[in-house]
Amino acid sequence: MIIRQAADVRSSEITPQRSLLRRRQVLELFGMATASILAPLQRVEAAAAPVRGTRLRVTSRMVTTTDAPTSYEDVTQFNNFYEFGIEKDDPARHASEFKPVPWSVTVDGECARPGTYTLEDILRPHPLEERIYRMRCVEGWSMVIPWVGFPLRDLVNRFEPNGNARFVEFTSVLRPQEMVGQRQRFPPMLPWPYKEGLRLDEAMHPLTLATVGVYGESLLNQNGAPIRVVVPWKYGFKSAKSIVKISFVRKQPLTTWQQNWPEAYGFYCNVNPSVGHPTHTQAQERRIGDFLRRQTLMFNGYGDQVASLYSGMDLRRDY
């Protein structure tokens with residue numbers, strides 16, 4: 001698979017509450033851009049001794065970009081995971097309280113095999129592969145990450161969705177006792193638990209990954225342990241983390257960010273440089289570890305593989 005290079009832009013700090021979101025963006029425009037640019041280049045000192053995941057048995061490899069992978073330190077210590085806080089270093093600092101073992105996932109809705117499955121049940125039939133994907137954040141920064149997992153469609157097929165299933169809804173874990181961001185009451189955070197969704201054909205696309213590792217090791221808590229979804233042609237928040245429920249549904253689910261700020265976060269949220277966020281452009285991005293910006297690619301550079309999913313749609317309206 002040959003994918004062209006992606007593009008570089010500044011990193012904007014977007015909080016989950018609309019007023020704080022806009023306030024942050026305005027402050028950046030009035031002089032905080034330099035600090036925002038330099039912040040991702042710094043290591044998270046408060047993370048203390050780096051934690052490593054368990055080594056995974058990877059049987060194959062898919063390289064979808066010639067870009068160099070982002071460093072392990074940045075991938076694991078510069079994260080969006082609001083359950084652990086809104087700052088980029090909060091997940092690495094606060095995720096140690098989270099306990100991803102034991103784990104189970106409930107499957108329900110329009111399928112022939114509903115039930116509750118342990119993580120071992122889910123993983124047992126699937127050989128793991130490494131896939132090097134470009135990932136793009138709605139805040140204007142990007143990474144190149146070697147994820148480890150297996151095609152989500154293989155998991156979906158096991159549950160045998162019926163003809164009424166048109167969408168897949170993912171629900172993330174709700175554990176306020178272990179996730180400090182879920183305990184925050186003022187200012188209010190997102191409505192928990194976090195929910196995301198894909199159209200069934202998006203979930204079944206070969207690029208969509210059920211992900212259990214990164215850099216050849218099991219996911220760390222701050223990266224969405226123990227199982228998450230990765231959808232590389234969409235903005236990163238569409239890739240649900242720490243999944244505890246998969247629902248096959250008839251109607252388009254209301255996702256968390258869509259509920260929180262529908263003008264900014266539509267259901268699809270494909271990477272589209274021509275559709276800006278209300279507070280900033282999406283035409284450029286900045287790769288973490290680089291200083292200069294680059295042009296954003298439509299579908300994050302995966303258009304040859306996924307554009308047919310949206311044939312006939314107005315991608316400025318259906319954002």
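**Figure 1. Glu 110 and Arg 250 join their side chains in a salt bridge.** In this predicted model, the bridge spans 2.8 Å from N to O. Glu 110 sits in the loop between β2 and β3, while Arg 250 sits in the loop between β11 and α8 (256-260), so the pair ties together parts that are 140 residues apart in sequence. Are the two partners buried or exposed? Glu 110 has a relative accessible area of 17%, so it counts as buried. Arg 250, with 48%, is partly exposed. As a general idea to keep in mind, side chains of opposite charge can pair when their charged atoms come close.

**Figure 2. Glu 217 and Arg 55 form another of the salt bridges.** Here the N to O distance is 3.9 Å. Which parts of the chain does this pair tie together? Glu 217 belongs to strand β9, and Arg 55 to the loop between α1 (18-38) and β1 (58-63), so parts that are 162 residues apart in sequence are tied together. Glu 217 is buried, at a relative accessible area of 8%. Arg 55, in contrast, is exposed, at 61%.

**Figure 3. Asp 121 pairs with Arg 124 in a salt bridge.** The closest N and O atoms of these two residues are 3.5 Å apart. Asp 121 is partly exposed, with 26% relative accessibility. Its partner Arg 124 reaches 61% and counts as exposed.

**Figure 4. Four residues are linked in a network of salt bridges.** Look for Asp 67, Arg 287, Asp 290 and Arg 294, which make up this network. How many salt bridges are found in the whole structure? A search finds 20 of them.

**Figure 5. Five strands line up in an open sheet.** Follow the strands in the order β3-β2-β11-β6-β7, and note that their pairing is mixed. Which strands stand at the edges? They are β3 (115-118) and β7 (195-199); each has a single partner strand, so one side of each is left without a neighbour in the sheet. From one strand to the next, the twist averages 20 degrees. In general, strands of a sheet pair through backbone hydrogen bonds, either parallel or antiparallel.

**Figure 6. Strands β6 and β11 run antiparallel.** Six bridges join β6, which covers residues 167-172, to β11. To find one place where the two strands pair, look at Glu 169: its bridge partner in β11 is Ser 247.

**Figure 7. Helix α5 lies across four strands.** The helix covers residues 152-159, and the strands it lies across are β2 (104-109), β3, β6 and β11. Against β11, helix α5 runs at about 65 degrees.

**Figure 8. Ser 242 is a buried loop residue with many contacts.** You will find Ser 242 in the loop between β10 and β11 (243-249). Why is it called buried? Its relative accessibility is 0%, and buried means under 20%. Not counting residues up to four places away in sequence, Ser 242 touches several partners, among them Phe 81, Phe 98, Trp 103, Thr 171 and Ile 227. Ala 225 is also on the list of contacts, and its backbone oxygen lies 2.7 Å from a polar atom of the Ser 242 side chain. The C-alpha atoms of Ser 242 and Val 212 are 9.7 Å apart, although these residues are separated by 30 residues along the chain.

**Figure 9. Asn 223 is another buried residue in a loop.** Where is Asn 223 placed? Asn 223 lies in the loop between β9 (217-218) and β10 (228-230). With 3% relative accessibility, Asn 223 counts as buried. A polar atom of its side chain lies 2.9 Å from the backbone oxygen of Val 75. Besides Val 75, Asn 223 touches Thr 76, Asn 79, Val 214, Arg 228 and Lys 241, leaving aside residues up to four places away in sequence.

**Figure 10. The whole protein brings nine helices and 13 strands together.** Of its 319 residues, 57% are buried. The protein exposes about 13600 Å², and carbon and sulfur atoms supply 54% of that area. Among contacts between residues at least 6 apart in sequence, 75% join residues at least 24 apart.

Methods: Residues numbered from 1 in each chain as written. Predicted model: local features only at pLDDT ≥ 70, side-chain atom pairs only at ≥ 80, totals over all residues. Heavy atoms only, no water. Buried < 20%, exposed > 50% of the residue type's maximum accessible area, 1.4 Å probe, protein only. Polar contact = N/O pair within 3.5 Å; in protein donor to acceptor, adjacent residues only side chain to side chain. Contact = heavy atoms within 4.5 Å. Areas by Shrake-Rupley, 256 points an atom, 1.4 Å probe, with all protein chains shown as cover. Pairing = 2+ DSSP bridges. Axes fitted to C-alpha atoms, helices over the stretch in contact; angles between N-to-C directions.
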